[in-house]
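Please go through the chain below and report on its backbone, its cores and its aromatic pairs. Keep it brief.

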Amino acid sequence: PQLGRGYNEMGWPGPNQDIVVKGNYFIGGFQPVVISDWASVVFQNNTIYTDEYLMAFATANPPTGYIWDSNNYYGNGIFSYNGTGTFLSGWQGWTGYDLHSVFSSHAPTGVWTFVQPNKYETGRANIAIYNWGLAPSVSVDVTGAIAPGTRYEILDAQNYFGAPVATGTYDGSPVSIPMTGLTIATPNGSVPTPPTHTAPQFGAFVLIPLQ
């Protein structure tokens, strides 16, 4: 999130027909959300954070009939509308959108954890952690992903073939995942700018059940 690079582009100079974007987290990037030339847009209940441009919206025709509201914005608060920058009040005035959305002029706080059970392997799950307070470890509730009494290991997605970052037998309590001391896998080939681990601010992990 702190790098401020990258885009999530939805649509290209159109026309494009319709798009529904609901309940997503767009974190970091130069423009976390880029939406271009749609005839119909539903953009609701999303969370966006960056210290660059929160939103880049472009359309060749006046947007009508869009449903665009109830979103959460964090960061610098700059919106781009057809190439012109403005803040939330200007964005609301130009478009009529986001009238019930919330803007916070700072980074998110606390800890956000997300657990996505695997549909095809019982006990396996993907785990994403936003550790805004930079805590050395985070407790994650994996109830519903793995049954009590199951032995497990947790792998770092940025070093998947490395040693597990946590192991144990699940007893129904939240599992503790370290967010410091993590190492990223060494890339193959010539890499002019070797990547660095995103922890402690962000981590992605895989919960694996053991036989």
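Asparagine 82 is partly exposed, because its relative accessibility is 43% and the partly exposed class runs between 20% and 50%. The model is predicted. Asparagine 82 sits in the loop between S10 and strand S11 (84–86). Its phi is near 50°, a positive value in a residue other than glycine.

Leucine 134 also has a positive phi, about 60°, and is not a glycine either. It belongs to the loop between S14 and strand S15 (137–140). With a relative accessibility of 48%, leucine 134 counts as partly exposed.

A further backbone feature is a cis peptide bond. It runs from alanine 199 to proline 200, with omega near 5°. Proline 200 is placed in the loop between strand S18 (175–178) and S19.

Now the chain as a whole. Its secondary structure consists of one helix and 19 strands. The C-alpha atoms fill a box of roughly 60 × 40 × 30 Å along the principal axes. Of the 211 residues, 42% are buried. Among contacts between residues at least 6 apart in sequence, 56% join residues at least 24 apart. The exposed surface is about 11300 Å², and carbon and sulfur atoms supply 52% of it. The chain carries 5 positive and 12 negative charges, whose mean positions lie 9 Å apart.

The largest nonpolar core has 21 residues. Ile35, Phe43, Met55, Trp68 and Trp91 have the most contacts inside it. Each of the following supplies at least two residues of this core: strands S2 (16–22), S4 (31–36), S5 (38–44), S7 (53–58) and S10 (78–81), and helix H1 (88–95). Another core, of 19 residues, lies apart from it; Ile146, Tyr152, Ile154 and Val175 are among its members.

Which residues does phenylalanine 43 touch, leaving aside neighbours within four places in sequence? Its partners are Val21, Phe26, Val33, Ile35, Ile48, Met55, Ile67, Trp68, Asp69, Asn71 and Tyr73.

Serine 80 lies in strand S10. Is it buried or exposed? Serine 80 is buried, because its relative accessible area is 10% and buried means under 20%. Leaving aside neighbours within four places in sequence, it is in contact with Tyr53, Met55, Ala56, Phe57 and Gly85.

Aromatic rings come next. The count is 26 aromatic pairs. Two of them are set out here.

| Pair | Centre to centre | Angle between planes | Class |
|---|---|---|---|
| Tyrosine 73 and phenylalanine 79 | 5.0 Å | 75° | edge-to-face |
| Tyrosine 130 and phenylalanine 202 | 4.8 Å | 40° | tilted |

Why is the pair of tyrosine 73 and phenylalanine 79 edge-to-face? Its planes stand at 75°, and planes over 60 degrees apart count as edge-to-face. Tyrosine 73 and phenylalanine 79 are both buried.

The pair of tyrosine 130 and phenylalanine 202 links distant parts of the chain. Tyrosine 130 is in strand S14 (residues 125–131), phenylalanine 202 in strand S19 (residues 202–210), and 72 residues separate them. Tyrosine 130 counts as buried, at 12% relative accessibility.

One aromatic cluster is formed by Phe43, Phe57, Tyr66, Trp68, Tyr73, Phe79, Tyr81, Trp91, Trp94 and Tyr97. Phe43, Trp68 and Trp91 of this cluster are also among the residues with the most contacts inside the largest core.

Note on methods:
Residues are numbered from 1 along each chain as its sequence is written. This is a predicted model: local features need pLDDT of at least 70, side-chain atom pairs count only at pLDDT 80 or more; totals for chains, interfaces and linings use all residues. Side-chain values use heavy atoms; hydrogens and water are left out. A nonpolar core is a set of buried Ala, Val, Leu, Ile, Met, Phe, Trp, Tyr and Cys residues joined through side-chain atoms within 4.5 Å. Buried means under 20% relative accessible area, exposed over 50%, partly exposed in between (1.4 Å probe, protein chains only). Helices (H or I, at least four residues) and strands (E, at least two) are DSSP runs, numbered from the N terminus. Contact means heavy atoms within 4.5 Å. Accessible areas come from the Shrake-Rupley method with a 1.4 Å probe; for residues, only the protein chains shown count as cover. Lys and Arg count as positive and Asp and Glu as negative; His and the chain ends are not counted. The place of a charge is taken as NZ of Lys, CZ of Arg, CG of Asp or CD of Glu. Rings of Phe, Tyr and Trp (its six-membered ring) pair if their centres lie within 6.5 Å; planes under 30 degrees apart count as stacked, over 60 as edge-to-face and the rest as tilted.
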